[in-house]
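Student: I've got a new model to look through and would love some company. Could you walk me through it?

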Amino acid sequence: PGMSDMEQARLVRWALSYGLDRDGFAATTGRGLYLPLYNEYVSPEFIGWKGNEARTVTEAQWKKIVEEHGWTDDPEYKVKSALPDQAWPWKIPYDLKFAEKLLDMAGYPRGKDGWRFYLPINAYACETGESCWAAADFVTTVWRDIGVRTEIIKEEYGAVISPRMRLRTQWMPVIKNADIGSNNLPLDFPVTFPADSSLTRPGWGAGYESVFTARMYPKVAKEPNRDNRVRWNLQAMDWMVYQMLLVGIYQQPTLMLARSDRIDSWDNPHTAILPGPFRAGSNPQYIKLVGW
């Protein structure tokens, strides 16, 4: 009673995020090669993470950010938190007890059969290969521990899922790759990407519309002062954490093999801004061969 639908949804997203044993997945399925990922834009490998591992954000902090930029007409700003003093962490622990508390607060108690609600999950053959299917199996298994009944619905991404995203009718969570390469971007580059708003090109979108993102991206992109860009990017990541719109699971490294008897060095300075999923390997002009 008295809680808005948007706050209910945010608490559910946070509960689902607290219900993920990321370290366990990285150690078992990833055989120690994966890293836990907490949010699309916040991870151990992201350049802005270092020194911010213990960073948290409260409702008051988030609203102060909005006020600083004069965006109090943002619909999200008007939503009251059910836990105003809660410090939401960038580095999210595996906490089933707190996940269940959030689901209870959001109005989804366990029924007599032990289930809270049914949540189908879309999965497809994404860019991370077989581990994408493993992640889908992992999620459907661990969320049952907090009373969320799940099943995997396999659908073609290009023909089925992506059109629903463009129409903003994709209501099911999708197990898919997140932004590729953003962990390499300097901290003064815009970290809230156009794909998370209507700023993006036609034909792509994450399936939701963020007023904050649509305003922050061009503001950072046009700002000449680097210190301001860095500070605003950290604020943008605080916003992403507080809203928990994109729940991260793991990071999968890209493995490249090279013959040491043929390649003397490969100093590639442009991994951050090149197109394509294999950015680290897309600059062969920087390869120095043995004897050259």
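Student: How do E4 and strand E5 pair?
Tutor: In this predicted model, E4 and strand E5 (residues 148–154) pair in the parallel sense, over seven bridges. Two strands count as paired if DSSP finds at least two bridges between them. Helices (H or I, at least four residues) and strands (E, at least two) are DSSP runs, numbered from the N terminus.

Student: Before we go on, what are the ground rules for the numbers?
Tutor: Residues are numbered from 1 along each chain as its sequence is written. As this is a predicted model, local features need pLDDT of at least 70 and side-chain atom pairs count only at pLDDT 80 or more, while totals for chains, interfaces and linings use all residues; side-chain values use heavy atoms, with hydrogens and water left out.

Student: Thanks! Which residue stands opposite Arg149 in E5?
Tutor: That is Tyr118.

Student: And what unit do E4, H5 and E5 make?
Tutor: They make a right-handed β-α-β unit. Right-handed here means that, with the strands pointing away from the viewer, the path from the first strand over the helix to the second runs clockwise.

Student: How many bridges join E4 to strand E6?
Tutor: Two bridges join E4 to E6 (residues 174–175), and these strands run parallel. Ala123 has Ile175 as its bridge partner in E6, and Asn122 is partnered by Val174.

Student: So what is the strand order in the open sheet?
Tutor: The order is E5-E4-E6, an open sheet of three strands with parallel pairing. E5 and E6 stand at the edges with a single partner strand each, so one side of each has no neighbour in the sheet.

Student: Why is E4 described as largely enclosed?
Tutor: Because six of the seven residues of E4 are buried, the rest of the structure largely encloses that strand. Buried means under 20% relative accessible area, exposed over 50%, and partly exposed in between (1.4 Å probe, protein chains only).

Student: Is Thr150 in strand E5 buried or exposed?
Tutor: Thr150, which lies in strand E5, counts as buried at 5% relative accessibility. The C-alpha atoms of Thr150 and Phe117 are separated by 8.6 Å, and these residues are 33 apart along the chain.

Student: Switching to aromatics: how many aromatic pairs are there?
Tutor: The count comes to 15 aromatic pairs. The rule takes rings of Phe, Tyr and Trp (its six-membered ring) with centres within 6.5 Å; planes under 30 degrees apart are stacked, over 60 edge-to-face, and the rest tilted. One of them is the tilted pair of Trp88 and Phe98, 6.3 Å centre to centre with 40 degrees between the planes.

Student: Where do those two sit?
Tutor: Trp88 lies in strand E3 (residues 88–89) and Phe98 in helix H4 (residues 96–105), so the pair ties together parts that are 10 residues apart in sequence. Both Trp88 and Phe98 are buried.

Student: What about Tyr124 and Tyr157, how is that pair arranged?
Tutor: Tyr124 and Tyr157 are stacked, at 4.6 Å centre to centre and 20 degrees between the planes. Tyr124 is in the loop between strand E4 (117–123) and helix H5 (130–142), and Tyr157 is in helix H6 (residues 157–166), so this pair ties together parts that are 33 residues apart in sequence. Tyr124 is buried with a relative accessible area of 8%, and Tyr157 is buried with 16%.

Student: Which residues do ring pairs link into a cluster?
Tutor: Trp62, Trp71, Phe212, Trp239 and Tyr242 are linked that way.

Student: Which ring does the charged end of Lys154 sit over?
Tutor: The ring of Trp133, 4.7 Å from its centre. Likewise, the charged end of Lys63 sits over the ring of Tyr77, 5.3 Å from the centre. The test asks for NZ of Lys or CZ of Arg within 6 Å of the ring centre and within 35 degrees of the ring normal.

Student: New topic: which cysteines form a disulfide?
Tutor: Cys126 and Cys132 do, with their sulfur atoms 2.1 Å apart. A search of the whole structure finds one disulfide, defined as a pair of cysteine sulfur atoms within 2.5 Å. The link of Cys126 and Cys132 is right-handed, with 125 degrees about the S-S bond. Cys126 counts as buried at 7% relative accessibility, and Cys132 counts as buried at 2%.
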